[in-house]
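Biologist: Before we discuss this model, could you put the sequence and the coordinates in front of us? I would like to start with the cross-links and then turn to the packing.

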Amino acid sequence: MRDDFFLVLVVIAANSCSPNQEKLMELETNSETCNSDTGIEYICGPANAEDLLSIGDTGMFIASGMNGTLDGSANNGHIYIINPEDGAWSDLVSGTGYSEDFASDSYPECPGPLYTDNFSAHGLALMETGTSIFDLYVTSHGAREAVEIFNLDMRGAEARLTWKGCVPLDETIMHNSVAIMKDGGFITTQFMTWAGGLESVLSGEAEGSLVMWRPGGVPTAIPGTELEGPNGIVLSEDEHFAYVAAFATGEVVRFDLSNDPIQSATVSLDILPDNVRWGVPGMLLTAGGNISGDGWSVVEINADTLEFNRVGGMSAGAALQGASSALQLGDTIWVGTYSGDRVGYFKRD
C-alpha cells in the first residue's frame, strides 16, 4: 500500500480552559505523552479519523473514524467531536447524546438503523439547516456500504447526534468522500472495488466515477466523471463545479457540472491527493503522500486558475504519516491520517 491513503485530520491546540467546554460533556482528554516533531505538534487518541470539518461557527470540529480494515486493527468506526482549543474529544456514536429517529419515508431503500457495532465512518459533509443545527452525511462501510444521514444539534450543553436514515450504495465498491447538495442530495466518489483493492487503482486497471443521489431517486453514476481513484470532493457554492482528487494519478480535477457533456480541467500535483477541503476564500487544500516517497505535503490550490503551492508537510521520519486531510483555521493547519492514533497541527508556511 502506498504511504498515504486514508485517515482524518482532527487536531487541536492550547491547554487553556475553553469557553466551549460546556459543550463537551464527558469528553476524553489526551492522557498520553504525545511528543511533537520539529515543525508539527500532535494530539493522541482519535483513531483513524479520516476526514475533518469545522461545525459552522460553534468552534468545534467533527471527524470521521474509520474501522480497522485498512490498518489491521480491531477498531470499530467513530464519529468524533473535537475542541480545537483544549484538545478534548469524544465519540458521538457511543455517547449519551446519540439517538435514532428513522425517517423511513425520506429514505425508503434504507434497511434500518446504523449498525453501531460494525461501521466505518469515512467521508464527511455538513450542511447547516438552522442555528447550530446541521445535516451530517457520512460515507460508511462495515455491515453495509451506504451514506448514513444524521442530524447534529449543537444548541445544548451536550452535542446531540441523531441517525435519520441511509442511502444504500453498491456493496462491491468502496465509496470515499461525499458532498451535500442544496436539495438534500449528494455526490459521492467511487474510490475502488473491494475485490480489486488499492493495487487495481494504482495500476490503472480500475476507474471510478462520481455518483449522484437526489431525494426520491437512486444513486446514479455521472457520465464523463471517470477517474483513477476518485477520492476527496467539494462543490462550489453554486454547485456548478466539483473539485475531485484523483488519488492514483496525483491530480485534482475540476468538473463543470453545468455543461452537457461535462467539461473538466486538471492540475498535476507532487502528491497523491486524498481529501479536498475549502481553505481561505477561493482556495482549496489537499494533503497526501509525496510522489517522491519521502513523507507528505499539504498543498493549496487556486480554485479558478488551478495554480498550486506547498504550504507545509513532513518527511518520512515524522510520527504522523499517511496524511489524508488538511483543514486550515486561522493560520493553523490540522492534518490527519488514514491509519494512526494521532492528529497533527502546525502554523502554515
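Biologist: Is the disulfide of Cys-110 and Cys-166 right-handed or left-handed?

Modeller: A disulfide here is a pair of cysteine sulfur atoms within 2.5 Å, and Cys-110 and Cys-166 qualify with an S to S distance of 2.1 Å. The torsion about their S-S bond is about 110°, so this disulfide is right-handed.

Biologist: How many residues apart in sequence are the parts that Cys-110 and Cys-166 tie together?

Modeller: Strands are DSSP runs of E with at least two residues, and helices are runs of H or I with at least four, both numbered from the N terminus. Cys-110 lies in the loop between S7 and S8, whereas Cys-166 belongs to strand S11, so the pair ties together parts whose separation in sequence is 56 residues.

Biologist: And on what basis should I read such values?

Modeller: This is a predicted model in which local features need pLDDT of at least 70 and side-chain atom pairs count only at pLDDT 80 or more, while totals for chains, interfaces and linings use all residues. Residues are numbered from 1 along each chain as its sequence is written, and side-chain values use heavy atoms, with hydrogens and water left out.

Biologist: What pattern do the disulfides of the protein chain follow?

Modeller: The structure holds two disulfides, and the one between Cys-34 and Cys-44 has its sulfur atoms 1.9 Å apart. That pair joins the loop between strand S1 (7–8) and strand S2 (41–44) to strand S2 itself, across ten residues. Counting bonded cysteines along the chain, the pattern is 1-2, 3-4.

Biologist: Are Cys-34 and Cys-44 buried or exposed?

Modeller: The classes rest on relative accessible area, with buried under 20%, exposed over 50% and partly exposed in between (1.4 Å probe, protein chains only). Cys-110 and Cys-166 are both buried. Cys-34 and Cys-44 are likewise buried.

Biologist: Turning to the rings, how many aromatic pairs does a search of the whole structure find?

Modeller: Rings of Phe, Tyr and Trp (its six-membered ring) pair if their centres lie within 6.5 Å, with planes under 30 degrees apart called stacked, over 60 edge-to-face and the rest tilted. By this rule, the number of aromatic pairs found in the whole structure is eight.

Biologist: How many residues apart in sequence are the parts that Phe-102 and Trp-163 tie together?

Modeller: The two rings have their centres 5.1 Å apart and their planes at 45°, so the pair is tilted. Phe-102 lies in the loop between strand S7 (98–100) and strand S8 (119–130), and Trp-163 in strand S11 (residues 160–168), so the pair ties together parts separated in sequence by 61 residues.

Biologist: Which class of accessibility does Phe-102 fall in?

Modeller: Its partner Trp-163 is buried, with a relative accessible area of 0%. Phe-102, by contrast, has 32% relative accessibility and therefore counts as partly exposed.

Biologist: In which strand is Trp-213?

Modeller: Phe-186 and Trp-213 form a stacked aromatic pair, 5.4 Å centre to centre with 25° between the planes. Both residues are buried, and ring pairs link them with Tyr-107 and Tyr-137 into a cluster. The partners are 27 residues apart, with Phe-186 in strand S13 (residues 186–193) and Trp-213 in strand S14.

Biologist: Which element gives the most to the largest nonpolar core?

Modeller: A nonpolar core is a set of buried Ala, Val, Leu, Ile, Met, Phe, Trp, Tyr and Cys residues joined through side-chain atoms within 4.5 Å. The largest such core has 36 residues, and those with the most contacts inside it are Ile-62, Ile-79, Phe-150 and Leu-161. Elements giving it two or more residues include strand S5 (78–82), strand S9 (133–142) and strand S10 (146–153). With five residues, the element that gives the most is S10.

Biologist: How many residues does the second, separate core have?

Modeller: Within four places in sequence neighbours are set aside, and Ile-79 is then in contact (heavy atoms within 4.5 Å) with residues including Ile-62, Phe-150 and Leu-161. The second core is separate and includes Cys-34, Ile-40, Ile-333 and Val-335, and its size is 17 residues.

Biologist: Finally, what percentage of the residues of the protein chain count as buried?

Modeller: The protein chain has one helix and 26 strands, and its C-alpha atoms fill a box of roughly 55 × 50 × 40 Å along the principal axes. Of its 349 residues, the share that counts as buried is 57%.
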